[in-house]
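Here are a few exercises to work through with the model open in your viewer. Try each task before you read its solution.

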Amino acid sequence: MSFERPRAILFDWDNTLVETWPTIHAALFETFTAMDVTPWTLEETKTRVRLSMRESFPVLFGDRWTDARDVFYEAYGRLHLSSLIACDGAVELLSGLHDAGFYLGVISNKTGHYLRAEAVHLGWDGYFGRMVGAGDAARDKPAPEPVTMALDGSGISPGNAVWMIGDSGVDMKIAHSTGLVAVLVGPGDVTKAEFEDCPPHRHVADCRDLLNLLRDI
């Protein structure tokens, strides 16, 4: 696949642009405890959290999943803004790409209203054409519908003129299924099973590395 200058760049949110593992883990700890389920360790949380709540909670909690959802939402809503931290280099990345004229969007499996509240809190909401969270589209990532929604109104169609940036196999999977360039960011091991059917086309260390890559192109 060629790597020409993209017209649009779509980002995952959690642990791609913002560091949220401690908050997610804390909210899950409260949820598991309330549901009398053995809580995960932080490392298990980092490994297992991939899908949206409407995909993952019925598997974890069965018929009680809506009760677990309510506990998680209460905990996360209480914690997330006060503990929100931008990933290293994310501010420079977004401002640089925005100033350079790239169309930017977000596709996240975080519930949409939390996603957009975090962007407003950080002062980043003006960078993005569309921010698509869990529940916004008919199906959540890695289904293809969020890509269509994220590009709506941009005049840009899914294809190799669009890059999908993320830290997990779910991000690479949605890129592959919709013909986007899949870019893994962070220290992820590309030999892991989650990347077996959806290997990244490029792998960068962090947000600054990604900005330098795009500047070179």
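**Exercise 1: an aromatic pair within one helix**

Start with phenylalanine 61, which is buried at a relative accessible area of 6%. Keep in mind that you're looking at a predicted model. Describe the aromatic pair that phenylalanine 57 and phenylalanine 61 form.

*Solution.* Step one is the burial of the partner: phenylalanine 57 has a relative accessible area of 4%, so it counts as buried. Step two is the spacing. The two phenylalanines sit 4 residues apart in helix H3, which puts about one helical turn between them. As a reminder, an α-helix has 3.6 residues a turn, so residues three or four places apart point the same way. Step three is the ring geometry: the centres of phenylalanine 57 and phenylalanine 61 are 5.1 Å apart and the planes make 65 degrees. The cut-off for edge-to-face is over 60 degrees, and the pair is indeed edge-to-face.

**Exercise 2: an aromatic pair between helices**

Work out which parts of the chain are tied together by the pair of phenylalanine 32 and phenylalanine 61.

*Solution.* Count first: the structure holds 9 aromatic pairs. In this one, the rings of phenylalanine 32 and phenylalanine 61 are 5.6 Å apart centre to centre, with 40 degrees between the planes, a tilted arrangement. Now place them. Phenylalanine 32 belongs to helix H1 (residues 21-34) and phenylalanine 61 to helix H3 (residues 53-61), so the pair links parts 29 residues apart in sequence. Both phenylalanine 32 and phenylalanine 61 are buried. Zoom out, and Phe32, Phe57 and Phe61 turn up in one aromatic cluster that also includes Trp40, Phe72, Tyr73, Tyr76 and Tyr114.

**Exercise 3: H1 against H4**

At what angle do H1 and H4 pack, and which residues make the contact?

*Solution.* Take the geometry first: the angle is about 145 degrees and the axes are 8 Å apart. The crossing of H1 and H4 is right-handed. On the H1 side, the contact uses Thr23, Ile24, Ala26, Ala27, Leu28, Glu30, Thr31 and Ala34; on the H4 side, Ala68, Val71, Phe72, Glu74, Ala75, Tyr76, Arg78 and Leu79. Sorted by class, the contact of H1 with H4 has 11 nonpolar, 2 polar and 3 charged residues.

Now pick out alanine 68, which lies in helix H4 (residues 65-79). Its relative accessible area is 0%, so alanine 68 is buried. Leaving aside residues up to four places away in sequence, alanine 68 touches Thr31, Met35, Phe57 and Phe61.

**Exercise 4: H5 against H9**

Are helix H5 and helix H9 roughly parallel or roughly antiparallel?

*Solution.* Helix H5 (residues 90-99) and helix H9 (residues 207-216) pack at about 25 degrees, their axes 8 Å apart. That makes H5 roughly parallel to H9, with under 35 degrees as the cut-off. The crossing of H5 and H9 is left-handed. To see who meets whom, select Ala90, Glu92, Leu93 and Leu97 in H5, then Cys207, Arg208, Leu210, Leu211 and Leu214 in H9. The contact of H5 with H9 has 7 nonpolar, no polar and 2 charged residues.

**Exercise 5: how enclosed is H8?**

How many residues of helix H8 are buried, and what do they pack against?

*Solution.* Of the 10 residues of helix H8 (residues 169-178), 7 are buried, so the helix is largely enclosed by the rest of the structure. The buried set is Gly169, Val170, Asp171, Met172, Ile174, Ala175 and Thr178. Their packing partners are strand S4 (103-111), H7, strand S6 (162-166) and strand S7 (181-185). Just after H8, glycine 179 has a positive phi of about 80 degrees.

**Exercise 6: backbone oddities in loops**

Asparagine 15 and aspartate 36 both have a positive phi without being glycine. Which of them is buried, and which exposed?

*Solution.* Asparagine 15, with phi about 65 degrees, lies in the loop between strand S1 (8-11) and strand S2 (18-19). At 15% relative accessibility, asparagine 15 is the buried one. Aspartate 36, with phi near 60 degrees, is in the loop between H1 and helix H2 (42-48). At 73%, aspartate 36 is exposed.

One last loop to check: lysine 141 and proline 142 are joined by a cis peptide bond, omega about 20 degrees. Proline 142 sits in the loop between strand S5 (130-134) and helix H7 (145-151).

Definitions and conventions
Residues are numbered from 1 along each chain as its sequence is written. This is a predicted model: local features need pLDDT of at least 70, side-chain atom pairs count only at pLDDT 80 or more; totals for chains, interfaces and linings use all residues. Side-chain values use heavy atoms; hydrogens and water are left out. Axes are lines fitted to C-alpha atoms, for helices over the stretch in contact, and angles run from 0 to 180 degrees between N-to-C directions. Angles under 35 degrees count as roughly parallel, over 145 as roughly antiparallel, 65 to 115 as roughly perpendicular and the rest as oblique. A crossing is left-handed if the near helix is turned anticlockwise from the far one by less than a right angle, and right-handed if clockwise. Contact means heavy atoms within 4.5 Å. Ala, Val, Leu, Ile, Met, Phe, Trp, Tyr, Cys and Pro count as nonpolar, Asp, Glu, Lys and Arg as charged, and the others, Gly among them, as polar. Rings of Phe, Tyr and Trp (its six-membered ring) pair if their centres lie within 6.5 Å; planes under 30 degrees apart count as stacked, over 60 as edge-to-face and the rest as tilted. Buried means under 20% relative accessible area, exposed over 50%, partly exposed in between (1.4 Å probe, protein chains only).
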